[in-house]
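Hi,

Here is the structure I promised to pass on. Have a look at it first, and then read my notes below.

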Amino acid sequence: MERLIMIKYLLITLITLRALTSSAFADTVDDVEYIELRWAEINYLLEGDEKEKAFEQLVIESETFIESNKESAELLIWSAIVKSSYAGAKGGLGALGLAKAAKAEYEAAMKIDADALDSSAYTSLGILYHSVPGWPIGFGDSKKAEALLRKGVENNPTGIDNNFFYANFLADEKDYAKAEEYYLRAQAAPPRPGRDIADKGRQAEIDLALKAVRAAQ
C-alpha cells in the first residue's frame with residue numbers, strides 16, 4: 001500500500017514538473033517571437049524620434065522578460081540586439097553605455113548556449129566589436145570582430161544575417177570582392193518563418209550593399 005502511494009506521488013510530481021517546464025518553455029518562445037517581430041517593425045518601419053522611443057520601450061520589455069527567465073540564451077541575445085539597435089538610433093555618449101550592456105548580455109548568453117539562435121551571439125558580438133570605437137573610448141577591436149563574425153558564418157553558413165554582417169566587415173576593410181561573395185550568400189539565404197518584415201528589410205540592405213561594393217571594385 002505504501003509502495004502504491006509512493007509511486008502515485010512520484011507520478012504526480014513528474015507530471016507537475018513537466019507541465020511547469022513546458023509552460024516556461026512556451027512563455028520563452030512567445031517572448032522571443034514577440035521581440036523578434038517588434039524589433040523588425042521598429043527597425044524597418046519607423047524613423048527618427050519614433051524609432052528611438054520604440055526601441056527604448058522594447059529595451060524595458062526585454063529586460064522584464066529576462067527577469068522571468070534568466071537562463072534563456074535566446075532572450076539574452078534578443079535583449080542585447082535591442083540594446084545595440086537602440087544605441088544606433090540614439091547615438092551620443094549614451095550609446096556606449098548601451099553597447100557595453102549589450103556586450104555583457106551576449107557574453108552571458110554564450111556561457112549558457114553559444115549556438116543559440118543559429119549562433120547569433122557570435123555575429124552580434126562581432127558587430128559590436130566592429131562598430132564601437134576602440135580604446136581609450138570604447139572596447140572596439142577589429143581582430144576580435146573578424147574572429148567572431150567568421151565564427152558566426154562557420155556555424156551557420158546559409159544564414160542571412162551571419163553572411164550580411166561578415167560582408168559588411170569585409171567591405172569596410174576594402175576587401176570588396178570577398179564582400180560581394182558573402183553578400184551574395186546572404187541574398188540566397190532561405191526565408192525565415194514568421195520573419196517576413198526582417199527578411200524584406202535585410203534583402204533591401206543587401207541590394208544596396210551589393211551595388212556599393214561592385215561600384216568600388
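Let me start with Asp 113, which has a relative accessible area of 32% and therefore counts as partly exposed. Do bear in mind throughout that this is a predicted model. Asp 113 belongs to helix α4, which covers residues 93–113. Its side chain reaches the backbone nitrogen of Asp 115, at 3.1 Å. Asp 113 also comes up against a distant piece of the sequence: Ala 73 is 40 residues away along the chain, yet the two C-alpha atoms are 6.0 Å apart in space.

Now the overall picture. The protein chain has 9 helices and 0 strands, so if you read the elements from the N terminus on, you get α-α-α-α-α-α-α-α-α. Of its 217 residues, 41% count as buried. If you take the contacts with a separation of 6 or more, 58% of them are between residues 24 or more positions apart.

The helix I spent some time on is α6, residues 142–155. With 14 residues at 1.5 Å each, α6 should span 20 Å, and its end C-alpha atoms are indeed 20 Å apart, so the two values agree. At its start, a side-chain oxygen of Asp 141 reaches to within 3.0 Å of the backbone nitrogen of Lys 143.

Which residues of α6 are buried? They are Ala 145, Leu 148, Leu 149, Gly 152 and Val 153. These buried residues cover an arc of only 140° around the axis, which means that they are on the same side of α6. The general rule behind this kind of pattern is that an α-helix has 3.6 residues a turn, so residues three or four places apart point the same way. The buried residues of α6 pack against α5 (116–131), α7 and α8. On the face turned away from that buried side, α6 carries the exposed residues Lys 143 and Glu 154.

Next, the aromatics. There are 7 aromatic pairs in the structure. In one of them, the rings of Tyr 34 and Phe 65 have their centres 6.0 Å apart and their planes at 90°; an angle over 60 degrees counts as edge-to-face, so that is what this pair is. Tyr 34 is in helix α1 (residues 2–45) and Phe 65 is in helix α2 (residues 48–68), so the pair ties together parts that are 31 residues apart in sequence. Tyr 34 itself counts as partly exposed, because its relative accessibility is 34%.

Another pair, Phe 164 with Tyr 183, is tilted, with 5.9 Å from centre to centre and 55° between the planes. Here Phe 164 comes from helix α7 (residues 160–172) and Tyr 183 from helix α8 (residues 176–187), so the pair ties together parts that are 19 residues apart in sequence. Are these two rings' residues buried or exposed? Phe 164 counts as buried because its relative accessibility is 5%, and Tyr 183 counts as buried at 3%.

Besides those, Trp 39, Tyr 44 and Trp 78 form one aromatic cluster.

Finally, a couple of lysines to look for when you have the rings on screen. Lys 103 lies over the face of Phe 139, 5.6 Å from the ring centre. Lys 151 lies over the face of Tyr 122, at 6.0 Å from the ring centre.

Cheers

Definitions and conventions: Residues are numbered from 1 along each chain as its sequence is written. This is a predicted model: local features need pLDDT of at least 70, side-chain atom pairs count only at pLDDT 80 or more; totals for chains, interfaces and linings use all residues. Side-chain values use heavy atoms; hydrogens and water are left out. Rings of Phe, Tyr and Trp (its six-membered ring) pair if their centres lie within 6.5 Å; planes under 30 degrees apart count as stacked, over 60 as edge-to-face and the rest as tilted. Helices (H or I, at least four residues) and strands (E, at least two) are DSSP runs, numbered from the N terminus. Buried means under 20% relative accessible area, exposed over 50%, partly exposed in between (1.4 Å probe, protein chains only). A charge sits over a ring if NZ of Lys or CZ of Arg is within 6 Å of the ring centre and within 35 degrees of the ring normal. A polar contact is a pair of N or O atoms within 3.5 Å; within protein, one must be able to donate a hydrogen and the other to accept it, and residues adjacent in sequence count only if both atoms are side-chain atoms. The expected span of a helix is 1.5 Å times one less than its number of residues. The arc is that of the directions from the helix axis to the C-beta atoms. Contact means heavy atoms within 4.5 Å.
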